[in-house]
Amino acid sequence: MNLSKGEQTRKLILDRALAMAGEIGLEGVSIGALADETGLSKSGLFAHFKSKEALQLDVLQEAITRFTVQVLQPALTTPRGEPRVRLLFDKYLEWIRGDDARRGCIFQKLTSEYAGRDGAVRDRLVQSQKDWRDAIMRAVQGAIDEGHFRRDLDPAVFAHEMLGIAMVFQSSWRLMREAGALPRAQAIFDALLTRSRSVP
């Protein structure tokens with residue numbers, strides 16, 4: 001799909017703004033700060049984003065869209081049941097490992113940044129995390145329905161454990177730079193799968 005010049009410019013702006021959010025937090029992303037980073041005029045940026053909050057919401061939506069493409073969509077092409085749950089986890093770890101521009105899971109960072117705030121950005125962030133948790137729970141329920149996981153397994157508890165493993169992985173991988181962080185996270189998740197499987 002060919003993008004118009006305006007759409008290309010907007011995409012470049014959001015790319016830089018998302019990288020900035022990973023480095024300095026979303027509250028640090030303003031039209032003025034972005035103008036300094038991109039060399040564009042404030043008036044030009046204002047034509048794309050009418051306020052700081054509108055800019056921040058668009059940056060957050062860009063992150064959500066990328067997460068959907070990179071994590072959720074591949075899983076939906078995988079057979080229902082344990083294979084889909086497994087791929088969700090694997091893709092989530094890939095997302096956290098990411099590239100230098102994103103520097104880990106942007107949503108984990110924003111969770112800390114917006115925990116004590118109110119407003120539209122926090123509300124959208126909260127909804128995105130509920131949607132992600134619900135997607136995990138649906139995948140787990142599918143594994144139960146397929147007979148891969150035991151009938152008494154609570155999808156909400158499984159999702160909680162899976163997200164906990166990923167949070168510790170980000171800390172071990174990004175902050176402490178532990179070489180064994182990835183295989184350890186995978187082994188812990190394998191143990192969770194084993195505990196969750198139905199007994200033949």
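This passage looks at helix α4 and at the two largest pockets of a predicted model. Local features rest on pLDDT of at least 70 and side-chain atom pairs on pLDDT 80 or more, while totals for chains, interfaces and linings take in all residues. Numbering runs from 1 along each chain as its sequence is written, and side-chain values use heavy atoms, with hydrogens and water left out.

Helix α4 covers residues 52-76, helices being DSSP runs of H or I with at least four residues, numbered from the N terminus. Its 25 residues reach 35 Å from first C-alpha to last, close to the 36 Å expected (1.5 Å times one less than the number of residues). There's a bend of about 40° at Thr68, taken as the angle between axes fitted to the seven residues ending there and the seven starting there. Buried residues of α4 (under 20% relative accessible area, 1.4 Å probe, protein chains only) include Leu55, Val59, Phe67 and Val71.

As for pockets, each is an open set of points on a 1 Å grid over the protein atoms alone, with protein on both sides within 12 Å along at least five of seven lines; lining residues have an atom within 4 Å of a point. The largest holds about 520 Å³, the space filled by probe spheres set on the points. Of its 23 lining residues, Phe107, Thr111, Gln129, Leu163 and Met167 sit closest to the centre. Helices α6 (106-114), α7 (120-145) and α8 (155-175) each supply at least two lining residues.

The second largest pocket holds about 200 Å³. Here α7 gives the most to the lining, with five residues, and Leu72, Arg80 and Asp131 are among the lining residues.

Terms used: Buried < 20%, exposed > 50% of the residue type's maximum accessible area, 1.4 Å probe, protein only. 1 Å grid on protein atoms, 1.4 Å probe; cavity = no way out; pocket = protein on both sides within 12 Å on 5 of 7 lines; lining within 4 Å.
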